Amino acid sequence: MLAVGCGGIGERHIRVLCNMEDVELSICDISEGLLEKLQKTYKISSIYSSWNNIDLEQFDIVVISTPAHLHISMINDALEANCHVLCEKPLSLSLDGIERAIALSHQKNKIVGVAYIYRSMPALSLLRERIVSGEIGDVKSVTFVVGSDYSFFRPDYKEIYYSDLNKGGGALYDAVSHMINYVEWCLGPTESIYCMARHLVLADVDVEDTVGCVLTFADSEAIGTLSLNQFQRAYGMMFEFAGTEGMLKFEGLSHSIGICREPHREFTWSEKMNLNRDEYHKLQFEKFFRSVDNHEPFICTLEDAEMTTRTILAAHESVRHRRPILVLDCARTS
Ligand SMILES: NC(=O)c1ccc[n+]([C@@H]2O[C@H](COP(=O)([O-])OP(=O)(O)OC[C@H]3O[C@@H](n4cnc5c(N)ncnc54)[C@H](O)[C@@H]3O)[C@@H](O)[C@H]2O)c1
């Protein structure tokens, strides 16, 4: 197995994989200093400093954790070499090459999964099951209120992909794509998006750190609203789904789910389902290995992630043109 991109999330993947059974791991990164450091810390078979010089045929699985502008070409290289692939989000910054990746994955009979981690979080999986099973009737309103201080989690944010829109930087590609991918898992494809996004606070970058948007969906009457920033001091994450028969909430600090089915009653809260971050990624790898072993689609497929890519592209277009954008129209012209 090969992991390419060994920075923030890449090292997390390496650490998690090295603690799993039957994993023999090689790694690739353009930073030789990083490769040497990681080789001293983890049990690594081989190190590579140039993707183009690797004989990919020797690997069964490639895990891609490079910045997003590199994802699609690396996925296609890995598929050409008959590897299964787990690729970090966002899938891509344009639609170029995605169709080819989908065709290749079918032709080669290989699994390609996109690592939208919310789909592997127990509380968010359960929340989705409860929504889809109709526990709160037909969902008519969805609200996401999310914020954290990105500079606290990534003090090096000015030096990494985050500072460059062309590498997947800014709140829309980096953070909002998680919420969009999640709501599309629950309610189906986004039909339209009206998005406002600004750079307001994070120092020495000009990518957007503050987003507000309104969404409609192709297969649901629901209206979605999302408010996200990447500077607020207190971490906050609240998802609310209001249906004709009740309301479900997700609280992101504790990963608890609350339900209220009677007018003006208190919410009944589940137990806390939060884990440490490595545990979520371990669950994600377990799901991915199961997909590979059983030849069944991963929980987030190329097609699912393509849908999210279309929505985020439409969000960017909406910001540029200051008007709502139909997601499919946007995809046709982008
Ligand atoms: N799912 C999640 O929870 C999550 C969390 C963080 C980041 N991500 C995503 O993962 C990706 C990487 O994010 P990160 O925070 O680890 O970034 P990072 O900048 O910390 O690490 C990226 C690494 O890729 C390496 N790299 C760049 N070009 C390369 C190339 N051509 N060949 C090999 N290696 C190369 C860099 O040297 C660096 O070590 C982004 O798309 C990001 O959105 C996902």
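A residue is taken as near the ligand if its C-beta atom, placed from the backbone, lies within 6 Å of it. On that basis the shell around the ligand in this predicted model holds 26 residues, and Gly 5, Gly 7, Gly 8, Ile 9 and Glu 88 come nearest. Sorted by class, the shell is made up of 14 nonpolar, eight polar and four charged residues. Helix 1, which runs over residues 8-18, is the top contributor with three residues. The ligand shell isn't a one-domain affair, either: domain 1 (2-115) and domain 2 (119-274 + 305-333) each supply at least three residues.

Stepping back to the whole chain, the protein has ten helices and 15 strands. Its radius of gyration is 20 Å, close to the 20 Å that the globule rule gives for 334 residues, so the protein is as compact as a globular protein of that length. The C-alpha trace spans about 60 × 40 × 40 Å along the principal axes. Some 41% of the 334 residues count as buried. As for contacts with a separation of 6 or more, 64% of them come from residues 24 or more positions apart.

Back to the two domains. The protein splits into domain 1 (2-115) and domain 2 (119-274 + 305-333), with 27 Å between their C-alpha centres. Where they meet, twelve residues of domain 1 are in contact with 13 residues of domain 2. The domain 1 side of that meeting place has eight nonpolar, three polar and one charged residues.

Helix 4 (residues 98-107) gives a neat two-sided picture. Ile 98, Ala 101 and Ser 105 are buried in this helix. These three cover an arc of only 55° around the axis, which puts them on the same side of helix 4. Glu 99, Ala 103, His 106 and Gln 107, on the other side of helix 4, are exposed. As for what sits over the buried residues of helix 4, the cover includes helix 3 (71-80), strand 6 (112-115) and helix 9 (302-321). After helix 4 comes Asn 109, with a positive phi near 60°.

A few more backbone oddities turn up elsewhere. As background, most residues other than glycine have a negative phi, and most peptide bonds are trans. The bond joining Lys 89 and Pro 90 is cis, with omega at about -20°. Pro 90 sits in the loop between strand 5 (84-88) and helix 4.

His 255 is not a glycine, yet its phi is positive, near 55°. This histidine belongs to the loop between strand 12 (246-251) and strand 13 (256-260). With a cut-off of 20 or more other C-beta atoms within 10 Å for burial, His 255 makes it in as buried, because it has 21 of them.

Arg 322 also isn't a glycine, and has a positive phi of about 55°. It lies in the loop between helix 9 and strand 15 (325-326). Here the surroundings are sparser: a residue with 12 or fewer C-beta neighbours counts as exposed, and Arg 322 has 9 inside 10 Å, so it is exposed.

How values were computed:
Residues are numbered from 1 along each chain as its sequence is written. This is a predicted model: local features need pLDDT of at least 70, side-chain atom pairs count only at pLDDT 80 or more; totals for chains, interfaces and linings use all residues. Helices (H or I, at least four residues) and strands (E, at least two) are DSSP runs, numbered from the N terminus. The radius of gyration is taken over C-alpha atoms; the globule rule is 2.2 Å times the number of residues to the power 0.38. Two residues are in contact if their C-beta atoms, placed from the backbone, lie within 7 Å. Ala, Val, Leu, Ile, Met, Phe, Trp, Tyr, Cys and Pro count as nonpolar, Asp, Glu, Lys and Arg as charged, and the others, Gly among them, as polar. Domain bounds come from an automatic or database domain assignment. The arc is that of the directions from the helix axis to the C-beta atoms.
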